Amino acid sequence: MKKIVSVVLCAAVAGMAFAAPAKKAAKTPAKAKAEFVIVESDVYSAGKEDPQLTAGIAQFLDMTPSVTNVSYKDAAADPKLANLDYSFLPLYLIKKNKDVRAKLEKHLEYGYAQENDDFIILPRQTRSGVYSSKTAKPNVMEIFVMSQCPYGAMAENLVVEAQKAGNFPKDKEVRVRYIVDYSDERGFNSLHGSGEWEENVRQLLIAKYYPSKFWKYLEIRNKDYRSSRWDKAMEQAGINPKKIMKKFDTEGLELLKEEAKYSKEYGVNASPTFLWEGQVQLDFGSASKIDGFGFLNPNASKAEAAAPAGSC
């Protein structure tokens, strides 16, 4: 009996000695790298990298981002970067290889991206940014709106509220610009219909001939900006509707054509869009960070606290 037990134990020990080792868990293969070169403004923070955007592009590529930030001046002096279009900053570049190109092939096909020998080029990726080639307009904030857009009206109302409360900066100016499409073949086209571009014309004429009453008119009109009784709003603001309408079909339409051209030059299509000093494109959040324009934060206004800061 002892001999049998001894043999069994020896066999068990031998089995343990020759058992196959447990398999280790397979390692997840490391992601490929996407090498970003981001050309940034030398002056304005709005022209810097947006880290969330970088992460989003890298996630789309399913790659790990490696980022090199380059100033506009340094990029212009680099032979590999010198001949690119820096009219809007930041400019996102990704070093080209077959994997990156394959991921972005559709973007290249549809014109959302471009390429050269070294890079896949992703222009105009950010809502905020800097127009490096535009002429500066010191201390001027331009607000691009659609006159019947609730968010555009909200932005205008915040200006009116700041003026009434004495919070508007004395050394700065606000100008309202209008978002509208125009062609000789189709005429004017506005997101909220013909009533909107017609209201744009009236407001442009008021700004020209009754500049001191322009914001008073907006204060009244924006209470019901879709109402057909714009003439009553004019009268309440001390404006002669007949004088405005006499110029509607001639001078007024020409003024709106200029607005269509101006908004197209900046590629603006969302209401409201803010343009600081003729060069820096901003949204509600970033515009309110400009010194003196904190009132453009809707959450800082009791009157607008319940409204989200969106756009049309």
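**Exercise 1. Work out how strand E8 is joined to strand E12, and where the pair sits in its sheet.**

Start with the pairing itself. In this predicted model, E8 (residues 140-145) and E12 (residues 273-276) run antiparallel and are joined by four bridges. To pin down the register, take Met141: its bridge partner in E12 is Trp276.

Now zoom out to the sheet. It is open, has six strands with mixed pairing, and reads E3-E7-E13-E12-E8-E9. The edges are E3 (88-89) and E9 (173-178), each of which pairs on one side only.

Last, see what packs on this part. Helix H6 (residues 150-165) lies across E8, E9 and E12, and runs at about 150 degrees to E8.

**Exercise 2. Find the residues that touch the most other members of the largest nonpolar core, and the element that gives the most to it.**

First, the background: nonpolar side chains tend to be buried together in soluble globular proteins.

Next, the members. The largest core has 48 residues, and those touching the most others are Met141, Tyr217, Phe274, Phe293 and Leu296. H6 contributes the most, with six residues. There's also a second, separate core of 16 residues, and Leu53, Tyr92, Ile94 and Leu104 are among them.

Then look around Tyr217. Setting aside neighbours within four places in sequence, Tyr217 is in contact with Glu199, Gln203, Ile206, Trp230, Ala233, Met234, Ala237 and Ile239.

**Exercise 3. Track down the disulfide, give its handedness, and say which parts of the chain the pair ties together.**

Step one is the search: the whole structure has one disulfide. Cys149 and Cys312 form it, with an S to S distance of 2.2 Å.

Step two is the torsion. About the S-S bond it comes to about 100 degrees, so the disulfide is right-handed.

Step three is location. Cys149 is in the loop between E8 and H6, while Cys312 is in the segment after helix H12 (284-287), so the pair ties together parts that lie 163 residues apart in sequence.

Step four is exposure. Cys149 has a relative accessible area of 0%, so this cysteine is buried. Cys312, at 22%, counts as partly exposed, because buried means under 20%.

**Exercise 4. Explain why strand E4 is described as largely enclosed, then place E4 in its sheet.**

Count the buried positions: four of the five residues of E4 (residues 91-95) are buried, so the rest of the structure largely encloses this strand.

Check the E1 partner. E1 (residues 33-40) runs antiparallel to E4, and four bridges join them; Val39 has Leu91 as its bridge partner.

Then check E6 (residues 119-122), which pairs with E4 over four bridges in the antiparallel sense. Here Leu93 stands opposite Ile121.

Put the strands in order: this open, mixed sheet of five strands goes E2-E1-E4-E6-E5. E2 (64-71) and E5 (114-115) each have a single partner strand, so each leaves one side without a neighbour in the sheet.

Finish at the E5 edge. E5 and E6 pair antiparallel over two bridges, and the bridge partner of Gln114 in E6 is Ile121.

**Exercise 5. Compare the settings of three salt bridges: Glu115 with Arg101, Glu219 with Lys216, and Glu254 with Lys257.**

Keep the total in mind: the count comes to 19 salt bridges.

Take Glu115 and Arg101 to begin with. Their closest N and O atoms are 2.7 Å apart. Glu115 belongs to strand E5 and Arg101 to helix H4 (residues 98-103), so the pair ties together parts 14 residues apart in sequence. Glu115 is partly exposed at 32%, and Arg101 is partly exposed at 31%.

Move on to Glu219 and Lys216, whose closest N and O atoms are 3.6 Å apart. Both lie in helix H8 (residues 214-221), three residues apart, about one turn of the helix. Glu219 counts as buried at 18%, whereas Lys216 is partly exposed at 40%.

Now Glu254 and Lys257: the closest N and O atoms are 3.1 Å apart. Both are in helix H11 (residues 248-265), three residues apart, about one turn of the helix. Glu254, at 43%, counts as partly exposed, and so does Lys257, at 27%.

One more thing to look up: Lys137, Glu142, Arg177 and Glu259 are linked in a salt-bridge network.

Technical notes: Residues are numbered from 1 along each chain as its sequence is written. This is a predicted model: local features need pLDDT of at least 70, side-chain atom pairs count only at pLDDT 80 or more; totals for chains, interfaces and linings use all residues. Side-chain values use heavy atoms; hydrogens and water are left out. Two strands pair if DSSP finds at least two bridges between them. Contact means heavy atoms within 4.5 Å. Axes are lines fitted to C-alpha atoms, for helices over the stretch in contact, and angles run from 0 to 180 degrees between N-to-C directions. A nonpolar core is a set of buried Ala, Val, Leu, Ile, Met, Phe, Trp, Tyr and Cys residues joined through side-chain atoms within 4.5 Å. Buried means under 20% relative accessible area, exposed over 50%, partly exposed in between (1.4 Å probe, protein chains only). A disulfide is a pair of cysteine sulfur atoms within 2.5 Å. A salt bridge is a side-chain nitrogen of Lys or Arg within 4 Å of a carboxyl oxygen of Asp or Glu.
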